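Biologist: Please take me closely through the loops of this model. Where a loop leads into a helix, follow that helix to its packing partner.

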Amino acid sequence: MLTNSFFRTLSHLADLCESVGLKDYMDVMYVITLLEKIVPVSDEHVKVTEENFDGVEVVLYEPKQQGEDADLRRAVIYLHGGGWCLGSSRMSPYDLLARKIVTDLDAVVLSVEYRLAPAHHFPVPYEDVYRVVKHFFQKGVLAQYSVDPERVAVSGDSAGGNLAAAVSQQLQKEPGQQIKLRAQALLYPVLQALDLKTPSYQQNQDMPILPRTLMVRFWSEYFTSNKALFRAMMANAHNSPESSRLLKFVNWSDFLPETYHKEYNYSAPAVAQGLGGEAIGMDGSSQSFTDPRASPLLVPDADLHSLPKAYILTCEYDVLRDDGIMYATRLEAAGVEVTHQHYDTGFHGALMFTVWPTDFLIARRMTDNYIKWLKENL
């Protein structure tokens, strides 16, 4: 309740600042990131270095050296959440999670400091992540950090889960790509921008941490600084004839188990003229929100079957619940090995609450189950 009160107060302040022209909404909301930001340092168990991989900042966590004869290690490429607009690999919750993965798995963790919207719209955050992965996958780089090329996973929460899913899809299309991901672990991921009135968006529209209005704003800011897209997305009237042809891939009446339908009945989003499936930026550039690099759920079934095994975590009290469940359903139907863990009492961002002095039991359970899966599957 205290956290929610702070978030809502900050959001109202951000709205006010933007409406009177003092500061953009996301500039004010970035305070959330600054409050948790730290300087990652080495400790007795973990060596921490800050590197630059192909022009992108990364924080690298390694187990303390065990000698030259040590076995090759697992590696987890971790992508932080924050709606592509907030968050940092240098925030305390991500730092602690990385250290736990390192010590529990004897693994290398690569945490990516990708550039953020609205200063850098899609596809810049995605491209930053993809460049880091390609750089890390060079045999010489893997050898430098004693990483087994057959035991690398990509993982992320929320918007980071979106980026992890998109990177997993793109890597399989890369011609001549010799090193493959062993696994993808997606924690309450955001996966589609076409239907923003799924049952979970409706049920949890006023839920703490991530209300529907904030998630829609994240989506619109990811693409453009033009507020017309935000207004259209809020009304779920942003689809064009072009994007409406892809609604079959996010039809929750087909891909969501009956128990999650609740009292809601499926109604296809309205089709508007004029948007053309594109978000127009203030600089005149445009990006399509039908691009699977932004909405990984929009790929056809044929593009799913060769993806690496997946771990998908979803929470009942989360507007993104149905995105994750639909992706799990589609991956399983395509023959991908999927572990879907749903938390009936979970809420968006719960995993990050392990840093609080009084640990939430749900946060501890999520973390333990997630790391257990990585240990067994990586």
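Modeller: A term is needed before we start. Buried means under 20% relative accessible area, exposed means over 50%, and partly exposed covers the range in between. The model itself is predicted.

Take S146. It lies in the loop between α6 (139–144) and β5 (147–157). Its relative accessibility is 23%, so S146 counts as partly exposed. Its backbone deserves a look. S146 is not a glycine, yet its phi is positive, at about 55 degrees.

Y188 also calls for a backbone check. Its phi is near 30 degrees, a positive value in a residue other than glycine. Y188 sits in the loop between β6 (183–187) and α8. Its relative accessibility is 1%, so Y188 counts as buried.

α8 spans residues 199–203, and the loop from α8 to α9 holds N204. N204 is buried because its relative accessible area is 1%. The N204 side chain makes a polar contact of 3.3 Å with the side chain of Q203. Setting aside neighbours within four places in sequence, N204 touches L210, P211 and R212. Its contacts also include E316, Y317, D318 and V319.

That loop leads into α9. Helix α9 (residues 212–223) meets helix α10 (residues 227–234), with axes that come within 9 Å and cross at roughly 140 degrees. That angle is why α9 is called oblique to α10. The crossing is right-handed. On the α9 side, the contact uses R212, T213, V216, R217, W219, S220, E221 and F223. On the α10 side, it uses K227, L229, F230, M233 and M234. By class, this contact has 7 nonpolar, 2 polar and 4 charged residues. R212 belongs to this helix contact, and R212 is in the contact list of N204 as well.

Now the loop that leads into α4. S89 lies between β3 (73–79) and α4. Its relative accessible area is 0%, so S89 is buried. The side chains of S89 and E113 are joined by a polar contact of 2.6 Å. Beyond neighbours within four places in sequence, S89 is in contact with V59, Y61, H80, Y94 and D95. S111, V112 and E113 are on its contact list too.

Follow α4 onward. Helix α4 (residues 92–105) packs with helix α14 (residues 361–377) at an angle of about 45 degrees, and the axes are 11 Å apart. That angle is why α4 counts as oblique to α14. α4 passes α14 in a right-handed crossing. L97, K100, I101, D104 and L105 make the contact from α4. R364, T367, D368, Y370, I371, L374 and K375 make it from α14. The residues divide into 6 nonpolar, 1 polar and 5 charged.

E113, the polar partner of S89, brings us to the end of β4 (108–113), and the loop from β4 to α5 (124–136) holds P118. The peptide bond from A117 to P118 is cis, with omega near 0 degrees. P123 is found in the loop between β4 and α5. The bond from F122 to P123 is cis, with omega near 10 degrees.

Last, the loop between α1 (2–19) and α2 (25–29) contains D24. Its relative accessibility is 46%, so D24 counts as partly exposed. D24 and A328 are 304 residues apart along the chain, and 36 Å separates their C-alpha atoms.

Methods:
Residues are numbered from 1 along each chain as its sequence is written. This is a predicted model: local features need pLDDT of at least 70, side-chain atom pairs count only at pLDDT 80 or more; totals for chains, interfaces and linings use all residues. Side-chain values use heavy atoms; hydrogens and water are left out. Axes are lines fitted to C-alpha atoms, for helices over the stretch in contact, and angles run from 0 to 180 degrees between N-to-C directions. Helices (H or I, at least four residues) and strands (E, at least two) are DSSP runs, numbered from the N terminus. Angles under 35 degrees count as roughly parallel, over 145 as roughly antiparallel, 65 to 115 as roughly perpendicular and the rest as oblique. A crossing is left-handed if the near helix is turned anticlockwise from the far one by less than a right angle, and right-handed if clockwise. Contact means heavy atoms within 4.5 Å. Ala, Val, Leu, Ile, Met, Phe, Trp, Tyr, Cys and Pro count as nonpolar, Asp, Glu, Lys and Arg as charged, and the others, Gly among them, as polar. Buried means under 20% relative accessible area, exposed over 50%, partly exposed in between (1.4 Å probe, protein chains only). A polar contact is a pair of N or O atoms within 3.5 Å; within protein, one must be able to donate a hydrogen and the other to accept it, and residues adjacent in sequence count only if both atoms are side-chain atoms.
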